[in-house]
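Colleague: Please zoom in on one part of this model for me and tell me what packs there. I'd like the cut-offs along with it.

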Amino acid sequence: MVLDRSPEAGAPRQVLLVTPEGRVAPGAGAASPQDYLLGTTHGVQWFARPVARLAAGTDFREQPTPLVAAAVQLVRWHAAGPRCERCQQPTIPHHHGQRRRCGSCGAEQFCRTDPAIIVRITDGDDRILLARHSSWAEHRFSVIAGFVEPGESLEQACRREAAEEVALQLSDLQYFASQPWPYPRSLMLGFTARAVEAARLRVDGDEIVEASFLTREELASRVAAGSIRLPSEASIARAMIDAWIDAWR
């Protein structure tokens, strides 16, 4: 899906309702001037509208399409009401909500996106590394990920995260795909890599508390037994894992 961010006069309008915690649902009625423009796709112009709460029903958080990602990110950004980076005075929504403008000096600000890497690591036997973060529920596992730090390239971030979290050195680093992820405001940049010496695997005990290399058969068995829960099917993490599984078929 590609969004045309410019306003389109006469196009049908649809609204997504977004709560402060990032719940998303379709809205009824026409868009208002206070809504934030997301863009036009397939001839329909989409807007985001902040609301305090949603009625029980559809919640699109598990479907992070470009529309949902943009809606959550814009609503949360405007709710924070960031001050001007130049003069520290208040800013207001501008350009259909796609920017904020300082009421004092006129400087414009754009919604910030934080780059984060996510890397699928395999070993010489083509086993996949899955790990559990300390903040996750029991049995939830995924691939290694982390934010890009100042001054780092994406490749350097992949290597640093692997070294810090699971004590592994990487080779054969290759780009996989990317995905906007609005929780909180990330752009996930996916890579695949090989572990130089898989036997050196050690968890840091802080961010990562469990990690192991698994064959496809071992992963299928543990998923069936409930001892591993994989990421949401809508996530890039799941796409990376599924691509590894499918490569064997």
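Modeller: Here is a close look at helix α4 and the parts around it. This is a predicted model, where local features need pLDDT of at least 70 and side-chain atom pairs count only at pLDDT 80 or more, while totals for chains, interfaces and linings use all residues. Residues are numbered from 1 along each chain as its sequence is written, and side-chain values use heavy atoms, with hydrogens and water left out.

Helix α4 covers residues 236-246 (helices are DSSP runs of H or I, at least four residues; strands are E, at least two; both numbered from the N terminus). Its buried residues (under 20% relative accessible area, 1.4 Å probe, protein chains only) are I236, A237, R238, M240, I241, W244 and I245. Among the elements covering them (contact is heavy atoms within 4.5 Å) are β8 (114-122), β9 (128-133), β13 (208-214) and α3 (216-225); β11 and β12 also belong to that cover.

Now W244: the charged end of R216 sits over its ring, 4.3 Å from the centre (the test is NZ of Lys or CZ of Arg within 6 Å of the ring centre and within 35 degrees of the normal). Elsewhere, R222 lies over the face of F141, 5.7 Å from the ring centre.

As for rings meeting rings, the whole structure gives one aromatic pair (Phe, Tyr or Trp six-membered ring centres within 6.5 Å; planes under 30 degrees apart are stacked, over 60 edge-to-face, the rest tilted). Y175 and F191 have centres 5.7 Å apart and planes at 80°, so they go edge-to-face. Y175 is in β11 (170-181) and F191 in β12 (186-195), so the pair ties together parts 16 residues apart in sequence. F191 is itself buried, at 5% relative accessible area.

Methods. Buried means under 20% relative accessible area, exposed over 50%, partly exposed in between (1.4 Å probe, protein chains only).
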